[in-house]
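Good morning, colleagues. I should like to take a few minutes to present one structure, beginning with its interior and ending with several individual residues.

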Amino acid sequence: QVQLVESGGGLVQAGDSLRLSCAGSGRSFSSSAWGWFRQAPGKDREFVAAIAWSGNTPSYADSVKGRFTISRDNAKNTAYLQMNSLKPEDTAVYYCAARLGLISVTMSEYDYWGQGTQVTVSS
């Protein structure tokens, strides 16, 4: 059974940092692209960041560019999202996803999803 499990969410103050992890199991994701998405209360799920299997040329939403960094460790079958200078508007449930193909910013193109982890940023 293929699973993605996120961890690392929590309650922090504005300006703080968090690192989210997404551990894959049930298959190798070394040749897959990883993505992070988020959904705030009352809003649609939106793209945050994505990284190709090679780790090169990651893609970011404009709202997080310069503050968030996506990375991966193929040996651990894990993706990460380092979030710095957090803002209250970053509050959301964060989901990781994996797709068996090229990097993508489109949710519907991802094959596997985690259950989500809550990130709450207080002002």
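**The nonpolar core**

The largest nonpolar core comprises 31 residues, and those with the most contacts inside it are W34, W36, V48, F68, L81, M83 and Y94. Seen by element, two or more residues of this core come from each of β3 (18–25), β4 (33–39), β5 (46–51), β7 (68–73), β8 (78–83), β9 (92–99) and β11 (117–122). I should state at this point that the model is a predicted one.

**The overall fold**

Let me now turn to the chain as a whole. What secondary structure does the protein contain? The count is 11 strands and 0 helices. The radius of gyration is 13 Å, close to the 14 Å that the globule rule gives for 123 residues, so the protein is as compact as a globular protein of that length. As for its extent, the C-alpha trace spans about 40 × 30 × 25 Å along the principal axes.

Two percentages describe how the chain is packed. Of the 123 residues, 42% count as buried. If one takes contacts between residues at least 6 apart in sequence, 59% of them join residues at least 24 apart.

**Surface and charge**

The protein exposes about 6100 Å², and carbon and sulfur atoms supply 47% of that area. With regard to charge, there are 11 positive and 10 negative charges, and the mean positions of the two sets are 4 Å apart.

**The start of the chain**

I continue with two valines. V2 is placed in the segment before β1 (3–7). Its relative accessibility is 30%, so V2 counts as partly exposed, a class that lies between the limits of 20% and 50%. Which residues does V2 touch, leaving aside its neighbours within four places in sequence? V2 is in contact with S25, G26, R27, F29 and Y112. A40, by comparison, is 38 residues from V2 in sequence, and the C-alpha atoms of the two are 26 Å apart in space.

V5 lies within strand β1 itself. With a relative accessible area of 42%, V5 is also partly exposed. Apart from neighbours within four places in sequence, V5 is in contact with S21, C22, A23 and Q115. For the pair V5 and S21, a sequence separation of 16 residues goes with a C-alpha to C-alpha distance of 8.0 Å.

**Two backbone angles**

Finally, I would draw attention to two loop residues with a positive phi. Where is T57 placed? T57 is in the loop between β5 and β6 (59–60). Its phi is about 45°, a positive value, although T57 is not a glycine. Is T57 buried or exposed? The relative accessible area of T57 is 66%, and the residue is therefore exposed, given that the class begins over 50%.

The second residue is S85, which is found in the loop between β8 and β9. Phi of S85 is near 50°, again positive in a residue other than glycine. S85 has a relative accessible area of 41% and is partly exposed.

To close, I return to the core with which I began: it holds 31 residues, W34 and W36 being among those with the most contacts inside it. Thank you for your attention.

How values were computed
Residues numbered from 1 in each chain as written. Predicted model: local features only at pLDDT ≥ 70, side-chain atom pairs only at ≥ 80, totals over all residues. Heavy atoms only, no water. Helix = DSSP H or I, 4+ residues; strand = E, 2+ residues; numbered from the N terminus. Rg over C-alpha atoms; globule rule 2.2 N^0.38 Å. Buried < 20%, exposed > 50% of the residue type's maximum accessible area, 1.4 Å probe, protein only. Contact = heavy atoms within 4.5 Å. Areas by Shrake-Rupley, 256 points an atom, 1.4 Å probe, with all protein chains shown as cover. Lys, Arg positive; Asp, Glu negative; His and termini not counted. Charge placed at Lys NZ, Arg CZ, Asp CG, Glu CD. Core = buried A, V, L, I, M, F, W, Y, C linked by side-chain atoms within 4.5 Å.
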